[in-house]
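Please open the structure in a viewer and keep the sequence at hand. The tour below proposes a series of selections and describes what is found at each.

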Amino acid sequence: AKENSTTITVEFDGAKTVRGILLYNSYTYDKSFAKVSEIEFTLANGSKVTSCSILDLPYNVDAYRVNDSQLHPGSAAIALFNDLEVVKVIVHFESDDKLGAGEELAISELMILGR
């Protein structure tokens, strides 16, 4: 998300049951995020495919801040929800999602919870 938006897309071969997503923040404070603009799910619903989104998922800065320039390693923005049958997940970051003062935004890991 350097000066513009960035997307991460995960597409499955078939429908997967998904019930949560964790976006682990950067260890480097200057590359960290304060929120995720949107997480979009493409749903498999029988013969119909629809979508739904989570908007402005916050990263709990107050809970994970060690000091003015450091976050707890291994901390994440977390969304848990009822089971969804998903074929694709798209994560959207905008440049204003950044927490740190750096030019780039980075995540450590993206974890999709399901069955």
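The stops that follow go from the sheet to its strand pairs, then to the core and two chosen residues. Please bear in mind throughout that the model is predicted.

**The sheet**

Begin by selecting the five strands of the open sheet, which are arranged in the order E3-E2-E6-E1-E7 with antiparallel pairing. At the edges stand strand E3, residues 48-58, and strand E7, residues 107-114. Each of these has a single partner strand, so one of its sides is left without a neighbour in the sheet. Looking across the sheet, one finds a twist that averages 20° from one strand to the next.

**The strand pairs**

Next, select strand E1, residues 6-25, together with E7; this antiparallel pair is held over 7 bridges. Within the pair, highlight Gly20 and its bridge partner in E7, Leu113.

Move then to strand E2, residues 35-45, and display E3 beside it: 10 bridges join the two, which run antiparallel. Which residue in E3 is the bridge partner of Ile39? Selecting Ile39 leads to Ile54.

Keep E2 in view and add strand E6, residues 76-93. These two strands also pair in the antiparallel sense, here over 6 bridges. To find a matched position between them, select Glu40, which stands opposite Ile90 in E6.

**The nonpolar core**

Now turn to the side chains. The largest nonpolar core comprises 21 residues. Select Leu23, Phe33, Val36, Ile39 and Val91, the residues with the most contacts inside this core. Two or more residues of the core come from each of the elements E1, E2 and E6. The greatest contribution is that of E6, which gives 7 residues. In soluble globular proteins, nonpolar side chains tend to be buried together.

**Phe33**

Among the core residues just selected, centre the view on Phe33. Neighbours within four places in sequence aside, Phe33 is in contact with Leu23, Tyr24, Asn25, Tyr59, Ala77 and Phe93, and also with Asp97, Lys98, Leu99, Leu105, Ala106 and Ile107.

**Thr42**

For the last stop, select Thr42, which lies in strand E2. Is Thr42 buried or exposed? Its relative accessibility is 15%, and because residues under 20% are classed as buried, Thr42 counts as buried. Display its surroundings as well: leaving aside neighbours within four places in sequence, Thr42 is in contact with Val49, Thr50 and Ser51, and with Glu85, Val86, Val87 and Lys88.

Definitions and conventions
Residues numbered from 1 in each chain as written. Predicted model: local features only at pLDDT ≥ 70, side-chain atom pairs only at ≥ 80, totals over all residues. Heavy atoms only, no water. Pairing = 2+ DSSP bridges. Helix = DSSP H or I, 4+ residues; strand = E, 2+ residues; numbered from the N terminus. Axes fitted to C-alpha atoms, helices over the stretch in contact; angles between N-to-C directions. Core = buried A, V, L, I, M, F, W, Y, C linked by side-chain atoms within 4.5 Å. Buried < 20%, exposed > 50% of the residue type's maximum accessible area, 1.4 Å probe, protein only. Contact = heavy atoms within 4.5 Å.
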